[in-house]
Amino acid sequence: MTVHDHLVQFHRLPVRDFGGPEADHAEVADHGAVAWRIAVEPYGDDPEEFTDAFQRFTEVVDLTQVRALVIGQWGEAYEQDSSLVAELLAGVKERLTALRALFVGDLVMEEAEISWIEQSDLTVLLEAFPQLEELGIRGGTKLALRPVRHEALRSLTIETGGLPGEVTQAVSDSDFPALESLTLWLGQENYGGTTTPENLAGILAGTRLPALRRLALQNADEQDAVAAALATAPVLPRLLSLDLSLGALTDTGAQALLDGQSLAGLKELNLSYHYLTEEMERRFEAAMEAIGVEVDLSDRQEPEEYRGQIYRYSAIGE
């Protein structure tokens with residue numbers, strides 16, 4: 001499984017491609033009515049540089065109206081990281097006064113595998129936009145964050161094939177008093193995934209996340225360890241939605257959830273793409289039905305066997 005589709009909606013707004021120099025945006029009267037997507041095609045005879053595309057954007061679109069921005073391909077994978085993007089955005093922060101949502105890395109498989117997307121230290125975006133309510137990031141290679149306090153952020157999503165433990169630790173050590181939704185794709189060690197339950201400790205304690213109601217710790221090879229840590233986590237009783245999908249969850253992790261704190265406070269629990277046995281599926285579904293929790297147990301996977309070894313993989317790595 002990989003990322004196949006660009007965002008079509010972001011921050012409850014339709015995504016509109018800004019397009020190349022020939023694009024006509026005359027029919028867009030309200031420049032805040034769409035989430036603008038800025039991207040370039042780095043291949044071809046005369047490719048446009050991202051700096052030039054961004055400059056056109058600042059000249060054509062009224063930045064004071066822009067509420068949501070989606071950043072797509074900014075250069076060739078493996079050759080250019082997102083530091084240029086962060087620098088350009090921070091450079092016009094005085095004009096982006098209405099910006100409330102930002103997604104950096106809206107690339108699909110045809111453009112770059114998720115592990116090829118080279119990010120950078122994106123803490124500058126949280127510092128530059130104190131009114132930002134939603135931040136999405138795709139790609140974990142070279143990604144860095146520093147602990148911050150941000151009063152307005154309500155949703156943080158980091159999608160990776162392997163999330164560095166240092167990034168997870170920075171999120172754990174940050175103060176996000178308004179954060180309601182947190183999504184982390186933890187990924188595989190082969191693709192930079194070094195996050196451990198210890199890195200998640202601050203998140204699971206919930207002390208710095210008093211408003212958190214939706215937690216997604218997805219796409220982990222070590223999903224059983226994540227489930228076990230969650231089962232006794234102080235944050236769990238406050239959650240309305242828990243998502244452990246896309247990972248290598250087995251009966252061990254499912255049993256840890258059943259043996260831990262009551263899950264009755266959840267409205268929904270997503271365990272889709274998993275390695276549970278059919279018997280555990282039935283037991284878990286019955287247990288959730290008894291307490292009124294809607295559970296998704298779709299897309300059961302079969303382990304792979306090679307030379308006597310059993311292998312289970314999270315859904316998205318490379």
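# Notebook: salt bridges, helix pairs, single residues

**Glu-118 and Lys-142.** I looked up Glu-118 to begin with: its relative accessibility is 9%, so I enter it as buried, the cut-off being under 20%. The model I am reading is a predicted one. I then looked for the partner of Glu-118 and found a salt bridge to Lys-142, with 3.1 Å between the closest N and O atoms. The two residues belong to distant parts of the chain, 24 residues apart. I place Glu-118 in the loop that runs from strand S5 (101–104) to helix H3 (123–128), and Lys-142 in the loop that runs from strand S6 (134–138) to strand S7 (155–159). Is Lys-142 buried or exposed? Its relative accessibility is 52%, and the limit for exposed is over 50%, so I note Lys-142 as exposed. The salt bridge thus has a buried acid, Glu-118, and an exposed base, Lys-142.

**Other salt bridges.** How many salt bridges does a search of the whole structure find? I get 15. One that I checked is Arg-149 with Glu-151, where the closest N and O atoms are 2.6 Å apart. For Glu-151 I read a relative accessible area of 48%, which means partly exposed.

I went on to Glu-180 and Arg-154, whose side chains form a salt bridge at 3.4 Å, N to O. Glu-180 sits in the loop between helix H4 (165–172) and strand S8 (181–187), and Arg-154 in the loop between S6 and S7, so this pair ties together parts that are 26 residues apart in sequence. Glu-180 has a relative accessible area of 35% and is partly exposed. Arg-154, at 38%, is also partly exposed.

I also followed salt bridges that share partners, and these join Asp-17, Arg-37, Asp-106, Arg-138 and Glu-159 into one network.

**Helix pairs.** I describe two packed helices by the angle between their axes and the distance between those axes. For helix H1 (residues 50–60) against helix H2 (residues 83–91), I have an angle of about 25° and axes 11 Å apart. Angles under 35 degrees count as roughly parallel, so I list H1 and H2 that way. The crossing of H1 over H2 is right-handed.

I did the same for helix H7 (residues 251–259) and helix H8 (residues 278–291), whose axes come within 11 Å and cross at roughly 20°. H7 is therefore roughly parallel to H8. Which hand does the crossing of H7 and H8 have? I noted it as left-handed.

**Positive phi.** I searched for residues other than glycine with a positive phi and noted Leu-246, with phi near 70°. Leu-246 lies in the loop between strand S10 (241–243) and H7. Its relative accessible area is 12%, so I mark Leu-246 as buried.

Tyr-273 is another entry here, with a positive phi near 60°. I find Tyr-273 in the loop between strand S11 (268–270) and H8. With a relative accessible area of 10%, Tyr-273 is buried.

**Val-66.** I located Val-66 in the loop between H1 and strand S4 (68–71). Its relative accessible area is 0%, so Val-66 goes down as buried. I also took the C-alpha separation from Val-66 to Arg-56, which is 15 Å for 10 residues along the chain.

**Pro-197.** I located Pro-197 in the loop between S8 and helix H5 (201–205). It counts as partly exposed, at 30% relative accessibility. How far apart are the C-alpha atoms of Pro-197 and Ala-178? I have 23 Å, with the two residues 19 apart along the chain.

**Surface tyrosines.** I last looked at a nonpolar surface patch of about 300 Å². Which residues make the patch? They are Tyr-306, Tyr-311 and Tyr-313. I place Tyr-313 in the segment after strand S14 (309–311). Tyr-313 has a relative accessible area of 34%, so I record it as partly exposed. Patch residues need over 30% relative accessible area, so Tyr-313 at 34% passes that cut-off.

Technical notes: Residues numbered from 1 in each chain as written. Predicted model: local features only at pLDDT ≥ 70, side-chain atom pairs only at ≥ 80, totals over all residues. Heavy atoms only, no water. Patch = residues over 30% accessible without salt bridge, like charges linked within 9 Å, V, L, I, M, F, W, Y side chains within 5 Å. Areas by Shrake-Rupley, 256 points an atom, 1.4 Å probe, with all protein chains shown as cover. Salt bridge = Lys/Arg side-chain N within 4 Å of Asp/Glu carboxyl O. Helix = DSSP H or I, 4+ residues; strand = E, 2+ residues; numbered from the N terminus. Buried < 20%, exposed > 50% of the residue type's maximum accessible area, 1.4 Å probe, protein only. Axes fitted to C-alpha atoms, helices over the stretch in contact; angles between N-to-C directions. Parallel < 35°, antiparallel > 145°, perpendicular 65-115°, else oblique. Left-handed = near helix turned anticlockwise from the far one by under 90°.
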